[in-house]
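Please open the model in your viewer and keep the selection panel at hand, as this tour moves from one selection to the next.

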Amino acid sequence: MLKNCSWDKNRIFIWDNFRNFDNTLNIQLKKILLTGGTGFIGSHTAVALTEADFEVVLYDNLSNSKHSVLNRLETITGVQLPFIEGDVRDTTRLEQTLNDHNIDAVIHFAGKKVVGESIEKPIDYYENNITGTLSLLKA
């Protein structure tokens, strides 16, 4: 488990709970694609990344969120974040998005997560969560 994590344009700092050491990844990140970007976790991450001077592109199919989140994000951040309405299972659309926006990194939050529903509809969850992740990896 991570105790704390912070980032800037050039490095990601990770502090490990158990070993109490600092791993620094020296990588240049500029544009980050957030899948599930209008959901609860995705939208909060978008705010944090924008405040840390990252360029954020949101990708979401709006199945568990609303388009109005985009207006709230703009109000909070002062930035109109690019938004692509799309499903993570659409590899072609993901490839197009990655190329069109020159994405450097992806944070993947586009997953279904309701336990009861996942028991009732396991194939739907498998299709979205596993196939969607594989689609993103292929893109």
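Begin by selecting D53, which lies just after helix α1 and takes a positive phi of about 70 degrees; bear in mind throughout that this is a predicted model.

Step back next to α1 itself, residues 40-51, and place a distance between its end C-alpha atoms: they are 17 Å apart, which agrees with the 16 Å that 12 residues should span at 1.5 Å a residue. Within this helix, colour G42, S43, T45, A46, V47, L49 and T50, which are buried.

Now select the strands β6, β5, β4 and β7, which in that order form an open sheet with parallel pairing. At its edges are β6 (83-85) and β7 (105-108), each of which pairs on one side only, and from one strand to the next the twist averages 20 degrees. To look at one pairing in detail, show β5 (residues 55-60) with β6, to which 3 bridges join it in a parallel run; here Y59 stands opposite I84 of β6.

Which residues have the most contacts inside the largest nonpolar core? Select L34, A46, V56, L58 and L73, which hold that place in a core of 13 residues; β4 (31-35), α1, β5 and α2 (68-77) are the elements that give two or more residues to this core. Centre the view on L34, whose contacts, leaving aside neighbours within four places in sequence, include G42, T45, A46 and L49 as well as V56, V57, L58, Y59, I107 and F109.

Finally, select Y59, L94, A110 and L136, which are among the 10 residues of another core, lying apart from the largest one.

Technical notes. Residues are numbered from 1 along each chain as its sequence is written. This is a predicted model: local features need pLDDT of at least 70, side-chain atom pairs count only at pLDDT 80 or more; totals for chains, interfaces and linings use all residues. Side-chain values use heavy atoms; hydrogens and water are left out. Helices (H or I, at least four residues) and strands (E, at least two) are DSSP runs, numbered from the N terminus. The expected span of a helix is 1.5 Å times one less than its number of residues. Buried means under 20% relative accessible area, exposed over 50%, partly exposed in between (1.4 Å probe, protein chains only). Two strands pair if DSSP finds at least two bridges between them. Axes are lines fitted to C-alpha atoms, for helices over the stretch in contact, and angles run from 0 to 180 degrees between N-to-C directions. A nonpolar core is a set of buried Ala, Val, Leu, Ile, Met, Phe, Trp, Tyr and Cys residues joined through side-chain atoms within 4.5 Å. Contact means heavy atoms within 4.5 Å.
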